[in-house]
Amino acid sequence: MCEDCTSRRAFFGTLAGAVAAGTIAAASSTSAIAADAKPYADPLNPALPPTGMKLDTRRAALVVIDPQVDFMSPKSPAWPVVGESVTEQNTVPNLVRLFRAAKEVDMPVVISPHYYYPHDHRWKVQGPLEILQHKLGMFDRKGALTLEGFEGSGSEWMPEFKEFIEDGKTIVCSPHKLYGPQANDLVLQLGKQGVNQIVLAGMAANLCVESHLRHLLEQGFEVAVVRDAIAAAKFPEGDGYLAALINFRFIANGLWTTEDAVQRMRTA
């Protein structure tokens, strides 16, 4: 991991305390809701119609966003704010299942990673999360043309995913820099594979996953999000997973579980 991991953990430890305090303060107003239904459960009587998306693996790809240590590992200093969601959703094991199923049926697997290089730290216009990520050194690499320091860093793939990503077949795109794929070559790579259907998973639900979803939809792709192969941070400002889930119900062509997605891949 990076040299300043201790200070990063300390920061997120303090932040986690703030999250816990906010949770306790809000408990009295949410306990009745929690008692009646799970917070992420779909509505019993949804108003929006199902899309009936049917997966065709001959024209589909599994797109995984940011399958990296700094987003999914207990070793990450971000774990105090993302760990609860990653654990709740069983995100890492579910991603392994998706990777394995896609490889079994020879469906393209495409990675949209998040890297920051030294020149990215000189941005003069930044949003709150950009400032935070740069301050903590998340996704940092020494440079675009070197892998020095990559192994064992927060930018590296989760160990559970390496056999799938480093098999010589998986497409690793250039990095996205904020949240969506507008600045990388994801859409080009998908087009060159003849893909127009996407099974979408990764991190973080309300940021990069949602931004990728919106852009891919605007480009004419049919996109299903795998709801338990994603996760998000929980801050005093809100639960990122819940925020994303609401929007996914509104706009995604499909909102599947890992079990559902794997079954569709194997029977398409």
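This report walks through a few buried parts of the structure, from a central strand to a helix and the nonpolar cores. The model is a predicted one.

**Strand S1 and its partners**

A good place to start is strand S1, which spans residues 60-65 and has six of its six residues buried. Ala60, Leu62 and Val64 point one way from the strand, while Ala61, Val63 and Ile65 point the other way. S1 pairs with S4 in the parallel sense, over six bridges, and Val63 stands opposite Leu200 in S4. Strand S2 (residues 109-112) also runs parallel to S1, joined to S1 by four bridges. Here Leu62 stands opposite Val109.

**Helix H10**

Which residues of helix H10 are buried? In this helix, residues 258-267, they are Thr258, Ala261, Val262 and Met265. Seen down the axis of H10, these buried residues fall within an arc of 95°, so they line one face of the helix. The spacing fits a general rule: an α-helix has 3.6 residues a turn, so residues three or four places apart point the same way. The buried residues of H10 pack against helix H4 (91-104) and against three strands: S4 (197-203), S5 (222-231) and S8 (254-256).

**Val223 and two cysteines**

Strand S5 holds Val223. Beyond its neighbours within four places in sequence, Val223 is in contact with several residues, including Met53, Ile198, Leu200, Leu213 and Gly254. Val223 and Ala60 are 163 residues apart in sequence, yet their C-alpha atoms are 9.4 Å apart in space.

Is Val223 buried or exposed? Because buried means under 20% relative accessible area, Val223 counts as buried at 0%. The table lists Val223 with two cysteines that also count as buried.

| Residue | Relative accessibility |
|---|---|
| Val223 | 0% |
| Cys173 | 4% |
| Cys208 | 2% |

As for disulfides, a search of the whole structure finds zero.

**The nonpolar cores**

In soluble globular proteins, nonpolar side chains tend to be buried together. In this model, the largest nonpolar core has 48 residues, and those that touch the most other members are Leu62, Leu95, Leu98, Phe99 and Phe161. H4 gives the most to this core, with seven residues. A second, separate core of 27 residues includes Val110, Leu190, Leu200 and Leu245.

What is Phe161 in contact with, leaving aside its neighbours within four places in sequence? The residues are Pro67, Met72, Val92, Leu95, Val96 and Phe99.

Note on methods:
Residues are numbered from 1 along each chain as its sequence is written. This is a predicted model: local features need pLDDT of at least 70, side-chain atom pairs count only at pLDDT 80 or more; totals for chains, interfaces and linings use all residues. Side-chain values use heavy atoms; hydrogens and water are left out. Buried means under 20% relative accessible area, exposed over 50%, partly exposed in between (1.4 Å probe, protein chains only). Helices (H or I, at least four residues) and strands (E, at least two) are DSSP runs, numbered from the N terminus. The arc is that of the directions from the helix axis to the C-beta atoms. Contact means heavy atoms within 4.5 Å. A nonpolar core is a set of buried Ala, Val, Leu, Ile, Met, Phe, Trp, Tyr and Cys residues joined through side-chain atoms within 4.5 Å. A disulfide is a pair of cysteine sulfur atoms within 2.5 Å. Two strands pair if DSSP finds at least two bridges between them.
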